[in-house]
Amino acid sequence: MAVALAIEAIKHRYTVYFITAHDLVQMLQQAYVNQTIKQKMKALSKPSLLIIDEIGYRKMEEPAAHFFFQIVSERYESGSIILTSNKSYGSWGDIFGDSVLATAILDRLLHHSTTVKIKGESYRVKEKKKGEILQAGSPGT
């Protein structure tokens, strides 16, 4: 769904940047080491839409969690963010290693937002099962 929204945004001439949370953390940590963190943070505030995929797939260490907060704060009320996660908001304290920081992030994210909660089986798993059913029903199997 996030990719479909990105494609629509691009069709309407908005700029979009897509990154996984893991890649974002690695990129920010490297920028911090290289002393280019300010430039990287500024670049992440520029696109009309920033999509960060797979929040919660891995826990964030303290510096990464603070950089994430800074990105959300920079974009608050000035740029759109789409986040994908299989974790509930109640788990975000664990993801960021700090419930106060998670609350501050969620406060900014949820202020002017829409949350889409999808229940049920993953699209990928559904497609995999469908393929197995079709394959099992094929002649000669």
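How do the residues of the lining of the largest pocket divide into nonpolar, polar and charged? Keep that in mind while you load the model, which is predicted.

**Whole chain**

Start with a cartoon of the entire protein chain. The C-alpha trace spans about 60 × 35 × 35 Å along its principal axes. Colour by secondary structure. You should find seven helices and three strands. Walk from the N terminus and the pattern reads α-β-α-α-β-α-β-α-α-α.

**The sheet**

Select the three strands next. They form an open sheet in the order β1-β2-β3, and the pairing is parallel. β1 (16-20) and β3 are the edge strands, each pairing on one side only. Look along the sheet to see the twist, which averages 15° from one strand to the next.

Now zoom in on β1 and β2. These strands run parallel and are joined by five bridges. For a landmark, show I19 and its opposite number in β2, I52. Then add α2 to the view. This helix packs on the sheet and touches both β1 and β2. Compare directions: α2 makes about 95° with β1.

**An aromatic pair**

Stay with α2 and show the aromatic side chains. The whole structure holds four aromatic pairs. One of them is Y32 with F67, a tilted pair. The ring centres lie 5.7 Å apart, with 50° between the planes. Trace the backbone from each ring: Y32 belongs to helix α2 and F67 to helix α4. The pair links distant parts of the chain, 35 residues apart.

**The largest pocket**

Switch to a surface view. Probing for empty space picks out the largest pocket, with a volume of about 1,900 Å³. Its lining takes in 46 residues. To centre the view, select I82, L83, T84, S85 and V116, which lie nearest the middle of the pocket.

Next, colour the elements that give two or more residues to this lining: α1 (2-11), β2 (49-55), α4 (62-75), β3 (80-85), α6 (99-111) and α7 (123-136). Which element gives the most? Highlight β3, which supplies six residues.

Colour the lining by residue class to settle the opening question. The count is 21 nonpolar, 14 polar and 11 charged.

**The second largest pocket**

Move on to the second largest pocket, where the volume is about 180 Å³. Here 13 residues form the lining. Select H22, V25, R58, K59 and M60 to land closest to the centre.

Bring back the cartoon around this site. α2 (21-33) and β2 each supply at least two lining residues. How many come from α2, the element that gives the most? Select the helix and count five. By class, the lining of this second pocket divides into five nonpolar, four polar and four charged residues.

**Last view**

Finish with α2 alone on screen, then restore its surroundings one by one. First comes the sheet, where α2 touches β1 and β2. Next is F67 in helix α4, the partner of Y32 in α2. Then show the second largest pocket, to whose lining α2 gives five residues. Finally, return to β3, an edge strand of the sheet that also gives the most to the lining of the largest pocket.

How values were computed
Residues are numbered from 1 along each chain as its sequence is written. This is a predicted model: local features need pLDDT of at least 70, side-chain atom pairs count only at pLDDT 80 or more; totals for chains, interfaces and linings use all residues. Side-chain values use heavy atoms; hydrogens and water are left out. On a 1 Å grid over the protein atoms alone, a cavity is a set of points where a 1.4 Å probe fits but cannot get out, and a pocket is an open set with protein on both sides within 12 Å along at least five of seven lines; lining residues have an atom within 4 Å of a point. Grid points are joined across faces, edges and corners, and a volume is the space filled by probe spheres set on the points. Helices (H or I, at least four residues) and strands (E, at least two) are DSSP runs, numbered from the N terminus. Ala, Val, Leu, Ile, Met, Phe, Trp, Tyr, Cys and Pro count as nonpolar, Asp, Glu, Lys and Arg as charged, and the others, Gly among them, as polar. Two strands pair if DSSP finds at least two bridges between them. Axes are lines fitted to C-alpha atoms, for helices over the stretch in contact, and angles run from 0 to 180 degrees between N-to-C directions. Contact means heavy atoms within 4.5 Å. Rings of Phe, Tyr and Trp (its six-membered ring) pair if their centres lie within 6.5 Å; planes under 30 degrees apart count as stacked, over 60 as edge-to-face and the rest as tilted.
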